[in-house]
Amino acid sequence: MKNYTPSFMILSSAALAFGLGFKSIVPYAMLIGIGLHTIFLLCAAYSLGKYRAHASQLDS
């Protein structure tokens with residue numbers, strides 16, 4: 001099983017960078033960026049939990 005946590009963390013940072021970079025061009029860019037950031041952080045936490053559960057099953 002692959003660990004997708006680092007990918008979600010990078011996407012989370014990219015979402016915040018998008019929000020900061022485009023806030024003068026897109027009206028709600030910061031709100032969109034923070035929303036995507038939160039979603040990607042939750043996905044990273046879920047992915048880490050699944051990975052640790054799978055790894056602990058293999059150890060037992």
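Visitor: How many aromatic pairs does the count come to?
Guide: The model is predicted: local features need pLDDT of at least 70, side-chain atom pairs count only at pLDDT 80 or more, and totals for chains, interfaces and linings use all residues. Residues are numbered from 1 along each chain as its sequence is written, and side-chain values use heavy atoms, leaving out hydrogens and water. Rings of Phe, Tyr and Trp (its six-membered ring) pair if their centres lie within 6.5 Å, and planes under 30 degrees apart count as stacked, over 60 as edge-to-face and the rest as tilted. By this rule, the number of aromatic pairs comes to two.

Visitor: Which residue forms the stacked pair with phenylalanine 8?
Guide: The centres are 6.5 Å apart, with 25° between the planes. Stacked it is, then, and the partner is phenylalanine 40.

Visitor: How many residues apart are phenylalanine 8 and phenylalanine 40?
Guide: Helices (H or I, at least four residues) and strands (E, at least two) are DSSP runs, numbered from the N terminus. Phenylalanine 8 sits in helix 1 (residues 5–21) and phenylalanine 40 in helix 2 (residues 29–59). That pair links distant parts of the chain, and the separation is 32 residues.

Visitor: Is phenylalanine 18, in its pair with phenylalanine 22, buried, exposed or partly exposed?
Guide: Those two rings make a tilted pair, 5.1 Å centre to centre with 40° between the planes. Buried means under 20% relative accessible area, exposed over 50%, and partly exposed in between (1.4 Å probe, protein chains only). Phenylalanine 22 comes in at 38%, so it counts as partly exposed. Phenylalanine 18 has 29%, which makes it partly exposed.

Visitor: How far apart in space are lysine 23 and glycine 33?
Guide: Lysine 23 lies in the loop between helix 1 and helix 2, and is exposed at 52% relative accessible area. In sequence, lysine 23 and glycine 33 are ten residues apart. C-alpha to C-alpha, the distance is 9.4 Å.

Visitor: What is the radius of gyration of the protein?
Guide: The secondary structure comes to two helices and zero strands. The globule rule (2.2 Å times the number of residues to the power 0.38, with the radius of gyration taken over C-alpha atoms) gives 10 Å for 60 residues. The protein is well over that, so it is more spread out than a compact globule, with a radius of gyration of 15 Å.

Visitor: Which helix do the buried residues of helix 1 pack against?
Guide: In helix 1, Thr5, Ser12, Ala15 and Gly19 are buried. Seen down the helix axis, these buried residues fall within an arc of 75° (taken over directions from the axis to the C-beta atoms), so they line one face. The face turned away from the buried side carries exposed Ile10 and Leu20. The buried residues themselves pack against helix 2.

Visitor: How far does helix 2 reach from its first C-alpha to its last?
Guide: Helix 2 has 31 residues, and its buried ones, including Gly33, His37 and Phe40, pack against helix 1. The expected span of a helix is 1.5 Å times one less than its number of residues, here 45 Å. Helix 2 is close to that, reaching 44 Å.

Visitor: What percentage of the 60 residues count as buried?
Guide: The C-alpha trace spans about 55 × 15 × 10 Å along its principal axes. Of the 60 residues, the share that counts as buried is 17%.

How values were computed. Contact means heavy atoms within 4.5 Å.
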